Amino acid sequence: MLRFRRHFRINLALQGGGAHGAFTWGVLDRLLEEDALTFGCVSGTSAGAVNAVALASGLATGGRAGARAKLREVWEGVHKAGVPDLLRLNPFLFGLTHSSTFAQVAGLLSPYEFNPLGFDPLRNLLAETIDFEAIREKSPVGLLIAATEVATGRSRLFRQKEMTVDAVLASACLPTLHRTVEIDGVGYWDGGFSKNPDLVTLASDSPVADTLIVQINPLLRPVLPKGAREIASTTNRLTFNAPLLRDVEFILAVREAMRGRFGAVRRGRQAALAAHRFHLIEAGRYTASLSDDSKMKPDLGLFTYLHGAGRTQAHKWIGQHLKSVGRRETVDLALRFQGDLSNVVEDEPAADAEAGAEPLRSRA
């Protein structure tokens with residue numbers, strides 16, 4: 001008797017989070033091992049955008065194995081780059097990079113002041129590792145890379161055919177650390193200010209009706225911040241979680257309107273949005289205990305830990321929820337993003353990587 005194997009197709013929504021994006025690398029690394037699972041469109045912001053283009057470039061040039069290798073190459077490149085060369089040339093700033101004072105001092109100086117030549121190691125890394133032409137011409141996944149227009153605060157979504165180094169740099173441009181990225185005369189800052197990541201356009205326009213959200217930043221930190229560093233960290237967390245919460249709020253409102261006013265879902269973008277099924281893998285149980293400063297530190301131990309954590313959580317999601325793709329939503333958006341977070345039970349961080357995570361290492 002012949003048995004037909006089900007195939008599953010999902011979109012990906014990848015949140016930004018600096019070095020904590022190594023968690024998303026681990027998630028993608030594990031998902032790519034599932035031959036029955038393919039990807040439709042990938043929405044990404046900041047570090048999520050870097051992971052998105054690494055995935056697209058790898059798939060376009062080398063299939064699944066190529067995507068896994070490309071993601072590792074990019075994150076190994078981030079580690080090898082270490083402290084940017086511009087800081088090595090400045091003994092004062094280089095010394096501060098090994099202390100918790102660096103983020104505060106960087107906040108006092110404009111990047112136009114401490115980096116007058118506009119040196120950007122991420123640009124060099126992306127140019128060397130990502131085949132943007134291959135993405136534009138033959139990527140098997142669509143892309144929605146979010147950046148924020150400085151003049152208006154509105155989001156700008158760069159799609160597959162528009163994908164360039166500058167588009168990714170715009171999505172990852174923290175204005176306290178990097179000079180504004182200009183594209184066609186328009187200045188852009190980090191996409192996390194406006195979309196982190198975009199859910200509404202993704203769910204409305206994609207022909208694929210399921211989206212897996214990979215959430216990096218914790219929603220809840222119950223300790224009241226009192227020190228200057230803690231207040232700054234909390235401000236950062238709230239700022240970059242707000243766009244995701246707004247998108248979820250809008251999606252829930254559309255669902256309620258479609259039920260209340262029309263009785264049944266009809267055709268159109270709002271109907272597609274209301275009917276879209278969401279799923280979630282989140283890193284909060286791992287990242288909640290990490291300092292906000294750690295987002296800017298390319299630490300080998302941190303990358304290894306988060307990569308393994310991402311693989312572990314993806315492994316759990318596959319076992320528990322993959323068969324629900326195409327059938328039902330597996331995350332209660334209202335409970336997860338609008339409910340009493342103190343009542344949401346979280347698993348404890350795993351001591352080891354049950355999904356067989358490989359440690360980050362440099363290849364000979």
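Let's start with burial. Of the 364 residues in this protein, 51% are buried. Keep in mind that this is a predicted model. Every value I give today is computed from that model.

Now the overall make-up. The protein has 15 helices and eight strands. Its accessible surface comes to about 17,200 Å². Carbon and sulfur atoms hold 54% of that surface.

Next, contacts. Take the contacts between residues with a separation of 6 or more. Residues 24 or more positions apart account for 78% of them.

How confident is the predictor? The mean pLDDT of the protein is 84. A value of 70 or more is reached by 79% of the residues. Two stretches need a warning. Over residues 83-102, the pLDDT is below 50. That stretch still has 26 contacts in the model beyond near neighbours in sequence. Residues 345-357 also have a pLDDT below 50. There the model shows 24 contacts beyond near neighbours in sequence.

On to the first helix, H1. Where does H1 sit in the sequence? H1 covers residues 22-31. Now count the buried ones: 10 of the 10 residues are buried, so H1 is largely enclosed by the rest of the structure. The list mixes side chains of several kinds, including Phe23, Trp25, Asp29 and Arg30. Ala22, Thr24, Gly26, Val27, Leu28 and Leu31 are on the list too.

Now helix H2, residues 47-81. I'll show you two partners.

Partner one is helix H7, residues 121-129. The axes of H2 and H7 come within 10 Å. They cross at roughly 155°. What does that angle tell us? Angles over 145 degrees count as roughly antiparallel. H2 and H7 are therefore roughly antiparallel to each other. Their crossing is right-handed. Which residues meet? On the H2 side, they include Val50, Ser57, Lys70 and Val74. Glu73, Gly77 and Val78 of H2 take part as well. On the H7 side, we have Leu125, Leu126 and Thr129.

A word on helices in general. An α-helix has 3.6 residues a turn, so residues three or four places apart point the same way. Keep that in mind when you look at the contact lists.

Partner two is helix H14, residues 300-321. Its axis and that of H2 come within 10 Å and cross at roughly 155°. That makes H2 roughly antiparallel to H14. H2 passes H14 in a right-handed crossing. From H2, the residues in contact are Arg68, Arg72, Trp75, Val78 and His79. From H14, they are Leu300, Phe303, His307 and Arg311. Look at Val78. In H2, Val78 is listed among the residues that meet H7, and Val78 is also listed among those that meet H14.

Just before H14 there is a loop. Met296 is found in the loop between helix H13, residues 284-287, and H14. Is Met296 buried, exposed or partly exposed? At 36% relative accessibility, Met296 counts as partly exposed. Now find Gly18. Met296 and Gly18 are 278 residues apart in sequence. In space, their C-alpha atoms are 6.1 Å apart.

Here is another pair to find. Arg269 lies in helix H12, residues 269-275. Arg269 counts as partly exposed, at 48% relative accessibility. Ser206 is 63 residues away along the chain. The C-alpha atoms of Arg269 and Ser206 are separated by 9.8 Å. What does Arg269 touch, leaving out residues up to four places away in sequence? Arg269 touches Thr201, Ser204 and Asp205.

Last topic: the backbone. Most residues other than glycine have a negative phi, and most peptide bonds are trans. Here are three exceptions.

Ser46 has a positive phi of about 55°, and Ser46 is not a glycine. Ser46 lies in the loop between strand E2, residues 37-45, and H2. With a relative accessible area of 11%, Ser46 is buried.

Asp184 also has a positive phi, near 55°. Asp184 is in the loop between strand E5, residues 181-183, and E6. Is Asp184 buried or exposed? Asp184 is exposed, with a relative accessible area of 77%.

The third exception is a peptide bond. A cis peptide bond joins Asn196 and Pro197, with omega at about -10°. Pro197 sits in the loop between strand E6, residues 186-190, and helix H10, residues 200-205.

That's the tour. Thanks for listening.

Conventions: Residues are numbered from 1 along each chain as its sequence is written. This is a predicted model: local features need pLDDT of at least 70, side-chain atom pairs count only at pLDDT 80 or more; totals for chains, interfaces and linings use all residues. Side-chain values use heavy atoms; hydrogens and water are left out. Helices (H or I, at least four residues) and strands (E, at least two) are DSSP runs, numbered from the N terminus. Buried means under 20% relative accessible area, exposed over 50%, partly exposed in between (1.4 Å probe, protein chains only). Contact means heavy atoms within 4.5 Å. Accessible areas come from the Shrake-Rupley method with a 1.4 Å probe; for residues, only the protein chains shown count as cover. pLDDT is the predictor's confidence in each residue, from 0 to 100. Axes are lines fitted to C-alpha atoms, for helices over the stretch in contact, and angles run from 0 to 180 degrees between N-to-C directions. Angles under 35 degrees count as roughly parallel, over 145 as roughly antiparallel, 65 to 115 as roughly perpendicular and the rest as oblique. A crossing is left-handed if the near helix is turned anticlockwise from the far one by less than a right angle, and right-handed if clockwise.
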